[in-house]
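Work through the exercises below with the model open. Each task is followed by a stepwise solution.

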Amino acid sequence: MNLSDKVVIKQRAIRLRKRGLTYNYIEKKLGIRRSTLDYWLNGLELTPKALSKIKRKKIISLQKARAKAVIWHNEQKQKRLNLAKHNAKILVSHIRKTNNVMKLALAILYMGEGFKSIEETGLGSSDPLILRFFIKALRKLYGLKSNNFRCQLSLRMDQNAEKTKAYWSKELNLPLSTFMHVFYDKRAIGRTYPSYKGVCQVRCGNVAIQRELVWISKLYCASILNTK
């Protein structure tokens, strides 16, 4: 590039900048390096209108960049979730679904989430999947029937008791008569998300099951810790 070409391009860069165009735009438009542009435009006085236009464009560019970043991060997160699901499927497909395996899974779940401070077998959760597994495992392993279970709900102040009972009754395949009590958290004030159905506690009243499950989980964890 000869000297006259540089002068022409520099003048164009100055005009574009005075019109309120950003460095990124001028850089791409004229095909020049950012360092050269910085040197040419350093100290250039701009009108309030041009400065305002540049500021708006920077804000818009930043918003677009953030939106792209969110999309990229969501895509990467979805890839990681898909990989985790794929690996989990492979593992589960190799696990023999015997009663002993089911009882161990139930015991570990109970160790983390089950009632242990009272002499009663029970578990509370806001996740229907966990409670469905809990009920099915108790049915299969200990021969419990629907009339052996009773449930209570812990709800926020704006939740409808009858509708929520109907939801949990359907999700857990238990009769409405199973749901004995509803407790409201007076501290929970404000609008509740429609997807949140409170916490359901499922009890069967058999302390012998609780004792067995707790001992299984404790002894299994101890055996893992003692393994080299």
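**Exercise 1. Count the disulfides, taking a disulfide as a pair of cysteine sulfur atoms within 2.5 Å.**

Solution. Step 1: apply the cut-off; the count comes to 0 disulfides. Step 2: check Cys-204. Cys-204 is in no disulfide, and the nearest cysteine sulfur, that of Cys-151, is 11 Å away. Step 3: classify the surroundings by relative accessible area, where buried means under 20%, exposed over 50%, and partly exposed in between (1.4 Å probe, protein chains only). Cys-204 has 11%, so Cys-204 is buried. Cys-221 has 29%, so Cys-221 is partly exposed.

A note on the source: this is a predicted model, in which local features need pLDDT of at least 70, side-chain atom pairs count only at pLDDT 80 or more, and totals for chains, interfaces and linings use all residues. Residues are numbered from 1 along each chain as its sequence is written, and side-chain values use heavy atoms, with hydrogens and water left out.

**Exercise 2. Find the largest nonpolar core and say which helix gives the most to this core.**

Solution. Step 1: define the set. A nonpolar core joins buried Ala, Val, Leu, Ile, Met, Phe, Trp, Tyr and Cys residues through side-chain atoms within 4.5 Å. Step 2: the largest has 27 residues, and Phe-149, Leu-172, Cys-200 and Val-202 have the most contacts inside it. Step 3: list the suppliers. At least two residues each come from helix 5 (99-113), helix 6 (128-142), strand 2 (150-156), helix 7, strand 4 (199-203) and helix 8 (207-225). Helices (H or I, at least four residues) and strands (E, at least two) are DSSP runs, numbered from the N terminus. Step 4: helix 6 gives the most, with 6 residues.

**Exercise 3. Is Thr-178 buried or exposed, and what is Thr-178 in contact with?**

Solution. Step 1: locate Thr-178 in the loop between helix 7 (161-172) and strand 3 (179-185). Step 2: the relative accessible area is 4%, so Thr-178 is buried. Step 3: list contacts (heavy atoms within 4.5 Å). Leaving aside neighbours within four places in sequence, Thr-178 is in contact with Ser-146, Phe-149, Arg-150 and Cys-151. Step 4: turn to Phe-149. Not counting residues up to four places away in sequence, the residues that Phe-149 touches include Thr-178, Ile-135, Leu-138, Val-202 and Cys-204.
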